Amino acid sequence: MYLYLNDRIVPKSEAVVSVYDHGFLYGDGVYETMRAYDGVVFMMDEHIERLRRSAEMIRLLLPKDNDGIKQAIYETMIANNRTNAYIRLTVSRGYGPIGLDPDLCKDATFVVVAEEMKDYPASMYKNGINIIIAGTRRNLREAINPQIKSLNFLNNILAKIEAKDAGAYEAIMLNFKGYIAEGTISNIFFVKDNIVCTPSVGCGILDGITRKIILDLAVREGFRVKEGRFKTGDLFSASECFITNTTLEVMPVRKVDNVKFTNGDITRLLRRAYKQEIRAYIANVKSSGPSLWGYQ
Ligand code: PMP
């Protein structure tokens with residue numbers, strides 16, 4: 001297996017960073033997760049744009065321009081001969097002496113991993129997953145804005161530990177005011193009175209790229225959508241629930257705490273529409289001719 005480290009492809013055994021890297025010392029950095037289908041990275045521009053936004057929000061200068069980032073991603077896929085890949089792009093503040101001052105680090109550390117993307121078991125999509133409402137609250141926007149996709153992940157990990165303790169797949173965090181925010185690695189949706197509902201960005205969430213696509217698709221399919229502030233009671237009285245992210249896509253939820261959801265019609269419809277959206281995107285990229293980076 002090969003990784004991209006800073007400016008070149010290296011074997012996994014050589015892909016190491018210093019213990020003085022501020023990503024390691026302080027979680028000072030940002031990242032993105034992407035998924036490649038059939039040699040095409042889905043929504044690559046949107047992910048790179050969000051990486052750039054995260055970096056700007058922590059005043060981190062990305063060491064590459066957008067084309068340089070794309071090239072690094074495709075080189076990593078090609079080095080590993082992967083067309084269906086789980087891609088993780090990590091940029092940390094870099095190597096520097098101990099101390100919080102970002103200026104202690106001269107160069108950011110840039111890493112691309114392209115691992116094999118194995119589909120999740122079909123049974124998960126068929127039966128749905130169990131999730132819980134965590135006691136851990138989502139970071140306050142004014143503390144660490146969840147719109148920064150940062151390496152500082154303890155907030156989410158604390159909620160994930162709660163999920164594990166409860167035997168659940170995912171934990172949903174509420175914000176400091178008690179409104180539903182998001183999962184540890186996902187956005188949450190529910191359907192109530194045929195309205196597709198999801199917490200607004202103002203609740204303090206990461207504005208998921210999958211979330212945006214689902215909102216657009218729901219409108220296109222003729223549903224009313226509502227981005228707003230919701231309490232757990234709204235979720236518990238919903239008819240359907242699902243979570244979204246780049247790798248899970250649209251994952252039905254069977255149970256939140258002890259509340260069961262039996263109907264999944266709209267979830268299934270949106271999942272199919274999302275799959276279709278991916279196929280159309282890939283076909284569109286491929287039909288636009290050989291690219292500098294792609295597998296054509
Ligand atoms: N919220 C959090 C906290 C996440 O880590 C993720 C995964 N990146 C998401 C939401 C979903 O975002 P996306 O659809 O862009 O993968």
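In this predicted model, 52% of the 296 residues of the protein chain count as buried. The radius of gyration of the chain is 20 Å, and a compact globule with 296 residues would have one near 19 Å, so the two values agree. Along the principal axes, the C-alpha trace spans about 55 × 50 × 30 Å. The secondary structure consists of eight helices and 15 strands. Contacts were also sorted by separation along the sequence. Among contacts in the protein chain with a separation of 6 or more, 70% join residues 24 or more positions apart.

Two helix pairs were examined. Two packed helices are described by the angle between their axes and the distance between the axes. The first pair is formed by helix H2, residues 44-57, and helix H3, residues 66-79. Their axes come within 11 Å and cross at roughly 120 degrees. Angles of 65 to 115 degrees count as roughly perpendicular and those over 145 as roughly antiparallel; H2 and H3 are therefore oblique to each other. The crossing of H2 past H3 is right-handed. On the H2 side, the contact involves Met44, Asp45, Ile48, Leu51 and Arg52. On the H3 side, Asn66, Ile69, Lys70, Ile73 and Tyr74 take part. By residue class, the contact of H2 with H3 contains six nonpolar, one polar and three charged residues.

The second pair is formed by helix H6, residues 209-220, and helix H8, residues 265-287. Here the axes come within 10 Å, with a crossing angle of roughly 110 degrees. That angle makes H6 roughly perpendicular to H8, because the class covers 65 to 115 degrees. H6 also passes H8 in a right-handed crossing. Thr210, Ile213, Ile214, Leu217, Ala218 and Arg220 are the H6 residues in the contact. They meet Leu270, Ala273, Tyr274 and Glu277 of H8. This contact of H6 with H8 divides into seven nonpolar, one polar and two charged residues.

Isoleucine 213, one of the H6 contact residues, also served as a reference point for serine 123. Serine 123 is found in helix H4, which covers residues 122-127. Its relative accessibility is 42%, so serine 123 counts as partly exposed, a class that lies between the 20% limit for buried and the 50% limit for exposed. Serine 123 and isoleucine 213 are 90 residues apart along the chain. Their C-alpha atoms are separated by 24 Å.

Backbone torsions were considered next. Most residues other than glycine have a negative phi. Methionine 43 is not a glycine, yet has a positive phi of about 60 degrees. Methionine 43 lies in the loop between strand E4, residues 40-41, and H2. Its relative accessible area is 13%. Buried means under 20%, so methionine 43 is buried.

Aspartate 193 likewise is not a glycine and has a positive phi, of about 50 degrees. The loop that holds aspartate 193 runs between strand E10, residues 187-192, and strand E11, residues 195-199. Aspartate 193 has a relative accessibility of 65% and therefore counts as exposed. The two positive-phi residues thus fall in opposite accessibility classes: methionine 43 is buried, whereas aspartate 193 is exposed.

Note on methods: Residues are numbered from 1 along each chain as its sequence is written. This is a predicted model: local features need pLDDT of at least 70, side-chain atom pairs count only at pLDDT 80 or more; totals for chains, interfaces and linings use all residues. Side-chain values use heavy atoms; hydrogens and water are left out. Axes are lines fitted to C-alpha atoms, for helices over the stretch in contact, and angles run from 0 to 180 degrees between N-to-C directions. Helices (H or I, at least four residues) and strands (E, at least two) are DSSP runs, numbered from the N terminus. Angles under 35 degrees count as roughly parallel, over 145 as roughly antiparallel, 65 to 115 as roughly perpendicular and the rest as oblique. A crossing is left-handed if the near helix is turned anticlockwise from the far one by less than a right angle, and right-handed if clockwise. Contact means heavy atoms within 4.5 Å. Ala, Val, Leu, Ile, Met, Phe, Trp, Tyr, Cys and Pro count as nonpolar, Asp, Glu, Lys and Arg as charged, and the others, Gly among them, as polar. The radius of gyration is taken over C-alpha atoms; the globule rule is 2.2 Å times the number of residues to the power 0.38. Buried means under 20% relative accessible area, exposed over 50%, partly exposed in between (1.4 Å probe, protein chains only).
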